[in-house]
Amino acid sequence: VTEGTRFKKIPSYGTYFQLLDYSSITQENDVDFSIRLIEEFKLAAIPVSVFYNSPLDEKVLRFCFAKKDDTILKAGEILQSI
């Protein structure tokens, strides 16, 4: 799904989630960028910083890939357009 995108895949094992580094796209914090993805692209992601008590901004979002194939393909098209 990340082929042809500016997102960098972070290896994930044994999960339905994929972490993607977006640091080459924007310097927005992960909460702001995830909100923009929803508003502009109708693509939902979970900002990783919400899992920590202290401020953390590693420019990483968490995407769920436990979806139907057509949903994954559409998400890939959206990611390629960003």
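# Reasoning from values to terms

Tutor: In this predicted model, the side chain of Thr 5 comes to 3.2 Å from the backbone nitrogen of Phe 7.

Student: Why is the approach of the Thr 5 side chain to the backbone nitrogen of Phe 7 called a polar contact?

Tutor: The separation is 3.2 Å, and the cut-off for a pair of N or O atoms is 3.5 Å. The value lies within that limit, so the pair counts as a polar contact.

Student: Is Thr 5 buried or exposed, and how do you know?

Tutor: Thr 5 has a relative accessibility of 17%. Buried means under 20%, so Thr 5 is classed as buried. Thr 5 lies in the segment before strand 1 and, with residues up to four places away in sequence not counted, touches Leu 79 and Gln 80.

Student: What makes the rings of Phe 7 and Phe 63 an aromatic pair, and which geometry does the pair have?

Tutor: The whole structure holds three aromatic pairs. In the one formed by Phe 7 and Phe 63, the ring centres are 6.4 Å apart and the planes meet at 85°. Centres must lie within 6.5 Å, and planes over 60 degrees apart count as edge-to-face; the pair therefore meets the distance limit and is edge-to-face.

Student: How do you know that this pair links distant parts of the chain?

Tutor: Phe 7 is in the segment before strand 1 (8-10), whereas Phe 63 is in strand 4, and 56 residues separate them. Both Phe 7 and Phe 63 are buried. Together with Tyr 22 and Phe 33, they form one aromatic cluster.

Student: Which residues touch the most other members of the largest nonpolar core?

Tutor: That core has 14 residues, and those touching the most other members are Phe 7, Phe 33, Leu 37, Leu 61, Phe 63 and Ile 82. Helix 1, strand 4 (60-64) and helix 2 (69-81) are the elements that give two or more residues to this core. Helix 2 gives the most, with three residues. Contacts of Phe 7, apart from residues up to four places away in sequence, include Leu 20, Tyr 22, Phe 33, Leu 79 and Ile 82.

Student: What makes Arg 62 a charge that sits over the ring of Phe 17?

Tutor: Arg 62 lies over the face of Phe 17, at 3.6 Å from the ring centre. The distance limit is 6 Å, so the value of 3.6 Å satisfies it.

Student: Why is Ile 10 called partly exposed, while Gln 18 is called buried?

Tutor: Ile 10 has 28% relative accessibility, and Gln 18 has 16%. The buried class ends at 20% and the exposed class starts over 50%; Ile 10 therefore falls between the two limits, and Gln 18 falls under the lower one.

Student: How do you know that Gln 18 makes a polar contact with Ile 10?

Tutor: The side chain of Gln 18, in strand 2 (residues 17-21), reaches the backbone oxygen of Ile 10, in strand 1, at 2.6 Å. This is within 3.5 Å, so the term applies. Beyond four places in sequence, the contacts of Gln 18 also include Leu 61, Arg 62 and Phe 63.

Student: Why are Arg 36 and Glu 28 said to form a salt bridge?

Tutor: Side chains of opposite charge can pair when their charged atoms come close. For Arg 36 and Glu 28 the N to O distance is 2.6 Å; the limit is 4 Å, so the pair qualifies. Arg 36, at 26%, and Glu 28, at 23%, are each partly exposed.

Student: How do you know that Glu 40 and Arg 36 also qualify?

Tutor: Their closest N and O atoms are 3.5 Å apart, which is within 4 Å, so this too is a salt bridge. Both residues lie in helix 1 (residues 30-41), four residues apart, about one turn of the helix. At 49%, Glu 40 remains partly exposed because exposed means over 50%.

Student: How many salt bridges does the whole structure hold, and which residues are joined into one network?

Tutor: There are three, one of them between Asp 57 and Lys 59, with N and O atoms 2.5 Å apart. Asp 57 is partly exposed at 38%, whereas Lys 59 is buried at 10%. Glu 28, Arg 36 and Glu 40 are joined into one network by salt bridges that share partners.

Key. Residues are numbered from 1 along each chain as its sequence is written. This is a predicted model: local features need pLDDT of at least 70, side-chain atom pairs count only at pLDDT 80 or more; totals for chains, interfaces and linings use all residues. Side-chain values use heavy atoms; hydrogens and water are left out. A salt bridge is a side-chain nitrogen of Lys or Arg within 4 Å of a carboxyl oxygen of Asp or Glu. Buried means under 20% relative accessible area, exposed over 50%, partly exposed in between (1.4 Å probe, protein chains only). A nonpolar core is a set of buried Ala, Val, Leu, Ile, Met, Phe, Trp, Tyr and Cys residues joined through side-chain atoms within 4.5 Å. Contact means heavy atoms within 4.5 Å. Rings of Phe, Tyr and Trp (its six-membered ring) pair if their centres lie within 6.5 Å; planes under 30 degrees apart count as stacked, over 60 as edge-to-face and the rest as tilted. A charge sits over a ring if NZ of Lys or CZ of Arg is within 6 Å of the ring centre and within 35 degrees of the ring normal. A polar contact is a pair of N or O atoms within 3.5 Å; within protein, one must be able to donate a hydrogen and the other to accept it, and residues adjacent in sequence count only if both atoms are side-chain atoms.
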